[in-house]
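Got your viewer open? Here's a tour, one selection at a time, so keep your mouse ready.

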Amino acid sequence: MGRELTAAEALARVPQQEPFRFVDELTLLSAERAVGRYRWRPNADFYRGHFPGNPVTPGVLLVESMAQCGVVPIALYLFYRELDEAEAEKFQTLFTDAQVDFSGVVRPGDLVTTESRVIFYRRRKLRVEASMTTEDGKVVCSGQLAGMGVPR
């Protein structure tokens, strides 16, 4: 019925844009998983007030990045696979909830990789298990995130 999106096509359809876009590239995308990367911009305005003199990336933005690297592109992939393109374009994915444990710090300029695996998808509701690592492989946060496809 539908078609499979490439990682580049899905990334182009992620609705968040600068300054609230926290995914630079998707290196893998399928019905089961996604891998995305983001380099935290050292000049981002939120660093000025988030621990001045020793800035760290706010946890809420790490969660948002995991959603943009996993929940949103996987949902897009699944919508386009199950619906024809015109129908798939009528939906957007809204982040609905997260249960995330934090185990590290992300500093300005750090490159992080998020890997997400689908736990379930039905009736346009998606839940993934996600983890974010720094370049040295250290896990900085992990947990479950969910989203839901809603009409635009």
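**First stop: a glutamine in a helix**

Select Gln68, which you'll find in helix H2. Keep in mind as you click around that this is a predicted model. Is Gln68 buried or exposed? With a relative accessible area of 1%, Gln68 falls under the 20% cut-off, so it counts as buried.

Now show the side chain of Gln68 and look for its polar partners. One link goes to the backbone oxygen of Phe20, which the Gln68 side chain reaches at 3.0 Å. Another is with the side chain of Glu64, through a polar contact of 2.7 Å.

Next, bring up the residues in contact with Gln68, skipping its neighbours within four places in sequence. You should get Val14, Gln16, Phe20, Arg21, Phe22, Val23 and Pro73.

**Second stop: a proline in the helix**

Pro73 was on that list of contacts, so click there now. Pro73 also sits in helix H2, and it is buried, with a relative accessible area of 0%. Which residues does Pro73 touch, not counting those up to four places away in sequence? They are Ala10, Leu26, Leu29, Ala67 and Gln68.

Try a distance too: pick the C-alpha atoms of Pro73 and Arg33. These residues are 40 apart along the chain, and their C-alpha atoms are separated by 9.5 Å.

**Third stop: the sheet**

Colour the strands next. There are 6 of them in an open sheet, and you can trace the order S1-S2-S4-S5-S6-S3, with antiparallel pairing. Which strands stand at the edges? Those are S1 (25-29) and S3 (91-102); each has a single partner strand, so one side of each is left without a neighbour in the sheet. Tilt the view and look for the twist, which averages 25° from one strand to the next.

Zoom in on S1 and S2 (residues 33-39). A hairpin of 3 residues joins S1 to S2, and the two strands pair in the antiparallel sense over 4 bridges. Want to see who faces whom? Glu25 has Arg37 in S2 as its bridge partner, and Leu28 stands opposite Val35 in S2.

Now step across to the next pair. S2 and S4 also pair in the antiparallel sense, over 7 bridges. Select Tyr38 to find one of the matches: its bridge partner in S4 is Val112.

**Fourth stop: helix over sheet**

Show helix H2 (residues 59-82) together with the strands. What does H2 lie across? It lies across S1, S2, S3, S4 (111-122), S5 (125-134) and S6 (139-151), and it runs at about 140° to S3.

**Fifth stop: the core**

In soluble globular proteins, nonpolar side chains tend to be buried together. To look at that idea here, select Trp40 and Leu145. In the largest nonpolar core, which has 43 residues, these two touch the most other members. Helix H1 (7-13), S1, S2, H2, S3, S5 and S6 are the elements giving two or more residues to this core. Which element gives the most? That's H2, with 15 residues.

**Last stop: a loop**

Finish at Ala44, in the loop between S2 and H2. Its relative accessible area is 17%, which makes Ala44 buried, as the cut-off is under 20%. Then pick Gly109: the C-alpha atoms of Ala44 and Gly109 are separated by 9.9 Å, with the residues 65 apart along the chain.

How values were computed. Residues numbered from 1 in each chain as written. Predicted model: local features only at pLDDT ≥ 70, side-chain atom pairs only at ≥ 80, totals over all residues. Heavy atoms only, no water. Pairing = 2+ DSSP bridges. Axes fitted to C-alpha atoms, helices over the stretch in contact; angles between N-to-C directions. Contact = heavy atoms within 4.5 Å. Buried < 20%, exposed > 50% of the residue type's maximum accessible area, 1.4 Å probe, protein only. Polar contact = N/O pair within 3.5 Å; in protein donor to acceptor, adjacent residues only side chain to side chain. Core = buried A, V, L, I, M, F, W, Y, C linked by side-chain atoms within 4.5 Å.
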